[in-house]
Amino acid sequence: MAQPDLTSHHVNYLIWRYLQESGHGDAAVSLQRAWYPDPQTLPFAPYIKTHALVSLVQKGLQYHELQSSLDKEGNHINISPNDYFFGPEPFETGFVDRRDEVGTDQASPGKIARDHPNGHADPGKQAREDDSMDDDATESKPSSPNLDGDGDTSMGEIPESTFTLTNGGSVGVQISPAKAADLTPDTALLDAEDHVTRALWRPRDPTMVVAAGDTFCDMWKLSSSSPVKKKIVDHRNSSTCVSAVGWDAVGEKLAVATCAEQRGTITMYNVNGEAVDLLPELPRMITGLHWADSRSQLVVVASDNHISELALWDDSRRPDVFPPPQHIENPIFDLAWCGPTQVFASGEGAVYQCEVDTTVRLVKKFAASGPSAAWEFIRCVQAGSHSVAITASATSNAIWIPTHDILIPDAHHQAITGIEIRPQPQDQRIVFASFATDHMVKVWQIDLESKDFSCLHKLRLGSAPALAGCFSPDGYAFSAVGKDSLFIWNVERGGEPMATWTAASSEVKKEDGMTNGQNGHTEPVGYRALSWDADGKRLAYGLDKQMALVNLQR
């Protein structure tokens with residue numbers, strides 16, 4: 001069998017591995033985003049050994065030296081320093097060290113970055129502090145850069161160096177962008193019939209996005225010329241409302257739940273917006289449609305003010321009726337899958353762990369201690385052998401990890417509007433973000449073994465409340481939105497946002513008094529929808545009766 005040809009993918013993979021192994025995590029993820037989303041899935045990846053690029057370069061240098069020491073007849077000749085591959089001048093590492101010291105003093109952010117990689121202290125220390133926590137050195141606020149006469153960042157100032165850290169200690173620096181990129185030229189606005197409360201990209205397809213609200217559901221096909229809208233549901237002139245929407249794992253079916261007279265109905269649509277199936281009716285309002293990540297199973301949450309039921313629909317079997325549901329004497333506000341066979345549901349004062357096979361079966365109830373609080377938001381992740389559930393309360397502003405008995409009281413000063421877990425977690429440490437109406441996004445890290453937690457970054461949205469947020473699919477970036485503005489940060493670096501977008505005043509239409517959160521448990525603020533496409537190159541941002549499509553690739 002002949003040796004495979006060397007391709008750009010082989011070279012890029014070696015560089016990507018080298019950047020990770022040498023501590024340049026930020027640069028590694030930048031290469032990953034520009035080249036290939038998941039390099040570890042390449043067929044040759046399992047065969048590449050540690051430090052492969054360095055080993056290959058060293059052997060190449062030995063071959064170059066051997067080749068230079070022989071004439072055309074194969075006789076040995078002496079070589080001069082000018083024949084060396086990197087030239088005759090010796091390289092002193094002190095030259096780089098001196099470059100790192102430029103423009104830093106005791107009070108500079110560069111000094112802080114060297115003392116604490118990524119601008120924060122050792123994550124092993126528990127960092128629950130008092131109200132002064134929001135005024136310390138880790139807080140980041142959008143600010144205007146120093147501009148020269150041409151409107152660009154002054155070249156007389158050297159940007160601060162920011163350390164990156166993915167594996168082990170950081171041994172190099174990356175230069176932070178001088179100012180946030182303005183995404184206005186790369187943003188298109190799509191009009192909607194009503195307030196947009198949900199924006200969902202089709203899985204694995206960055207050319208299709210769904211916009212939905214209480215009275216409508218539209219499917220948009222994004223072609224190279226102009227977006228084409230397919231109207232799926234329109235109940236503006238009826239008492240029926242759209243209560244939940246969800247794509248299946250492979251993006252073949254879109255489930256849309258509607259409610260009339262407190263009875264729920266689910267209709268399945270194909271990618272052309274055509275109705276292909278009608279599921280059995282449920283006796284309560286459907287508040288959630290939650291597809292499994294890799295299977296054709298759908299957990300349906302139907303709830304009223306006193307009791308909820310978790311029903312399982314297996315689309316591969318398509319039974320005539322729903323199997324017997326799991327009843328819970330509590331309103332369920334949110335639900336999330338954790339691996340292929342279990343889900344966690346959050347409610348009033350408790351979190352419920354359920355096994356999923358042919359039905360949904362309750363196996364454990366986690367009761368919160370202290371005053372009863374509504375746990376409106378829950379996100380889960382399978383980290384090694386650990387099932388991790390993280391929930392947040394908008395009424396108590398607390399974050400709770402019931403699976404590991406970790407509580408972060410007063411995580412925010414005002415109502416929490418959501419939480420998200422960073423993709424690709426490590427076995428023992430989980431990174432997640434919380435956002436709230438106190439204008440703040442906080443990036444947290446929890447150590448499952450020690451049960452310690454720390455706040456890695458505190459990121460401000462100016463004077464705007466953080467109404468929605470999400471990580472990019474590769475975990476590189478985090479985006480958050482206010483009433484009419486969007487911010488994107490580098491997760492490792494924090495600090496100033498990488499990019500921003502603000503809607504013109506004429507683009508934001510009058511609010512209709514929507515309520516953020518589910519079942520009206522949070523304070524009245526305008527609801528916003530936000531999601532990344534499958535490639536992490538575009539964002540869909542629902543703001544009032546419009547949806548902004550923000551293109552991140554110039």
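Two strands count as paired here if DSSP finds at least two bridges between them. With that in hand, let's walk through this structure, which is a predicted model.

Start with β6 and β7. Strand β7 covers residues 208–212, and β6 pairs with β7 in the antiparallel sense over four bridges. To put your finger on one spot in that pairing, take A199: its bridge partner is A211, in β7. Now zoom out a little. These two strands belong to an open sheet of four strands, ordered β6-β7-β8-β9, with antiparallel pairing. At the edges sit β6 (198–201) and β9 (228–234), each of which pairs on one side only. If you ignore direction, neighbouring strands of this sheet are turned by 20 degrees against each other on average.

Stay with β9 for a moment and look at K229. Its side chain meets that of E193 in a salt bridge, 3.0 Å from N to O. K229 is in strand β9 while E193 is in the loop between β5 and β6, so this pair ties together parts that are 36 residues apart in sequence. The cut-off for buried is under 20% relative accessible area, and partly exposed runs from there up to 50%. E193 therefore counts as buried, at 14% relative accessibility, whereas K229 is partly exposed, with a relative accessible area of 35%.

K229 has another partner too: the side chains of D218 and K229 meet in a salt bridge of 3.9 Å, N to O. D218 belongs to strand β8 (residues 216–221) and K229 to strand β9, so here the parts tied together are eleven residues apart in sequence. And is D218 buried or exposed? It counts as buried, because its relative accessibility is 0%.

Further along the chain, R318 forms a salt bridge with D277, and the closest N and O atoms are 2.9 Å apart. This one links distant parts of the chain: R318 is in the loop between β16 (308–314) and β17 (326–328), D277 is in strand β13 (residues 275–278), and their positions lie 41 residues apart. The two ends of the pair also fall on opposite sides of the burial cut-off: R318 is partly exposed at 43% relative accessible area, while D277 counts as buried at 12%. Back around K229, salt bridges that share partners join E193, D218, K229 and K231 into one network. For the model as a whole, the count comes to 15 salt bridges.

Next, the place where distant stretches of sequence meet. D186 is found in the loop between β4 (181–182) and β5 (187–191), and at 19% relative accessibility it counts as buried. Its C-alpha atom is separated by 8.3 Å from that of Q553, although D186 and Q553 are 367 residues apart along the chain. There is also a side-chain link to look at: a polar contact of 3.3 Å joins Q546 and D191. Q546 lies in strand β36 (residues 546–551), and it is buried, with a relative accessible area of 7%.

Now for the nonpolar side of things. The largest nonpolar core has 24 residues, and those with the most contacts inside it are I390, I399, I430, F432, W444 and I446. Several strands give two or more residues to this core, among them β22 (377–383), β23 (386–392), β27 (429–436) and β28 (440–447). A second, separate core has 20 residues, including L183, A503, L543 and A548.

Finally, the aromatic rings, where the count comes to twelve pairs. The rings of W313 and F322 have their centres 5.6 Å apart and their planes at 65 degrees, so that pair is edge-to-face. Both W313 and F322 are buried. W375 and W400 also form an aromatic pair, but a tilted one, with 5.2 Å centre to centre and 45 degrees between the planes. W375 is in the loop between β21 (360–367) and β22, and W400 is in strand β24, so the pair ties together parts that are 25 residues apart in sequence. W375 and W400 are both buried as well. Elsewhere, Y13, W16 and F44 form one aromatic cluster.

Conventions. Residues numbered from 1 in each chain as written. Predicted model: local features only at pLDDT ≥ 70, side-chain atom pairs only at ≥ 80, totals over all residues. Heavy atoms only, no water. Core = buried A, V, L, I, M, F, W, Y, C linked by side-chain atoms within 4.5 Å. Buried < 20%, exposed > 50% of the residue type's maximum accessible area, 1.4 Å probe, protein only. Axes fitted to C-alpha atoms, helices over the stretch in contact; angles between N-to-C directions. Salt bridge = Lys/Arg side-chain N within 4 Å of Asp/Glu carboxyl O. Polar contact = N/O pair within 3.5 Å; in protein donor to acceptor, adjacent residues only side chain to side chain. Phe/Tyr/Trp six-rings, centres within 6.5 Å; stacked < 30°, edge-to-face > 60°.
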